[in-house]
Amino acid sequence: MSAAQIMGLVASGQATSRADLSRLLGLAPSTVSAHVQELLDAGLLEESGEGRSRGGRRPRLLSVRAGDGVILAADLGGHHARIAAMDRAGRPEAIQDLEIDVTAGPEPVLARITDALAELAAGRTVLGMGIGLPGPVDSEGAVVGSSRMHGWNGFSVRRRLAEYYQAPLVVDNDANLMAMGEAVVRGPELRDFVFVKAGTGLGAALVNDGRLHRGARGVAGDVSHNRVPAGGERPCNCGNFGCLETIASGAAIVAALRAQGVDLATTADLVRLARDGNPTVNTTLRFAGRQLGEVLVTIVNFFNPQAVVLSGALATCDLFVAAARGALYERCLPLTTQELQIGESVAGPDAGLLGIGRLLIDQGLAAPVRNLP
């Protein structure tokens, strides 16, 4: 057991008392109490209020103490970045939106991000830093095989950030971080779910028993390049043909509608026309949602999650979500959908930032990362 484990369980909401920690860690109450007291004395945890009694004295509630340090976080999109300074418990204190162009390449983009984060930090000690990227990221923190981040492939973002920050670092795919942000907001009751980001591009993540499932090379969950029959021979930026992204991403839907004479240029235009009830737009959205749902069928049957959580611009389009839901209910095993939740994310625009905070806390940024007896 490490102090970081205790901090992570408290920060994630899985443990709110010493009794919870004893149960989750499988340790004697006296042992847990001694280690919690160390963290209380170090100013890393605090106790306040009382929880619900389970037959004895009401337990004192544990929480991560904010402290003086700061967590820095950046969630990058194709044309924007949302950055934040957060307290040690992963709660945003200051948030700023920046206009960027990710195709400008890693050096200028990262320089812009780190300069802006330095202003938000305002000279405070940096406890940890994390960044979410709109493309696949391997276990070494390098962008791999991205079809939208031209000039980034093979670039080690982690190594570059290590030149700026002598602190724990998180470098991950944006869908992974948004999934962990969803876990933070939903709380410990939601432990197993599939998270899908459906915007200009498509991305997905798997959360298993409250933790990300990254796979052997860190890129698990990429559904966008599954080949689907309806994709035919449509060329994909990845170099293959007929990928799901060629028919179900926001960019693909916009291109298909423009070819049909619909006047729109962006995914935001697509959402606006869908809300206005444009019949051509709605028919295309229904088709795209169905294709996404059919790919998710295999994942749901195999993984048996509690929920499928949809995020991004397309998740705000009722017909898109309904079509995906319909495919899942129609084609999954009945037992897997009997209690399956399918719906829109509740974490909001700060999901990626919250996910960064959660993963850094899990790394032990706020606690001495030493083994406890």
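In the predicted model, Val196 has Leu310 of strand β11 as its bridge partner. Five bridges of this kind join strand β8, which covers residues 193–198, to β11, and the two strands run parallel. A further pair across this junction places Phe195 opposite Val309 of β11. Val309 also has a bridge partner in strand β12, namely Gly343. The pairing of β11 with β12 (residues 341–344) is likewise in the parallel sense and extends over four bridges.

These pairings belong to an open sheet of five strands, arranged in the order β10-β9-β8-β11-β12 and with mixed pairing. The edges of the sheet are formed by β10 (211–212) and β12, each of which pairs on one side only. In the stated order, β11 stands between β8 and β12.

The environment of β11 was examined residue by residue. The strand comprises residues 307–311 and is mostly covered, with five of its five residues buried. In a regular strand, the side chains alternate between the two faces of the sheet. For β11, one side carries Ala307, Val309 and Ser311, while Val308 and Leu310 lie on the other. The residues on both sides are all buried, and both faces of the strand are therefore covered.

Helix α6, formed by residues 174–186, lies across the strands of this sheet: β8, β9 (202–208), β10, β11 and β12. The direction of α6 makes an angle of about 125 degrees with that of β8.

The cysteines were considered next. The count of disulfides comes to zero. Cys236 is in no disulfide, and the nearest cysteine sulfur, belonging to Cys238, is 3.7 Å away. A disulfide requires the two sulfur atoms to be within 2.5 Å, so the separation of 3.7 Å between Cys236 and Cys238 does not qualify. Cys236 is buried, its relative accessible area being 11%. Cys332 also counts as buried, at 6% relative accessibility. Both assignments follow because buried means under 20% relative accessible area.

Confidence in the model was assessed by pLDDT. The chain has an average pLDDT of 89, and 94% of the residues score at least 70. Residues 367–373 form a stretch over which pLDDT stays under 50. For this stretch, the model has 25 contacts beyond four places in sequence.

How values were computed:
Residues are numbered from 1 along each chain as its sequence is written. This is a predicted model: local features need pLDDT of at least 70, side-chain atom pairs count only at pLDDT 80 or more; totals for chains, interfaces and linings use all residues. Side-chain values use heavy atoms; hydrogens and water are left out. Buried means under 20% relative accessible area, exposed over 50%, partly exposed in between (1.4 Å probe, protein chains only). Two strands pair if DSSP finds at least two bridges between them. Contact means heavy atoms within 4.5 Å. Axes are lines fitted to C-alpha atoms, for helices over the stretch in contact, and angles run from 0 to 180 degrees between N-to-C directions. pLDDT is the predictor's confidence in each residue, from 0 to 100.
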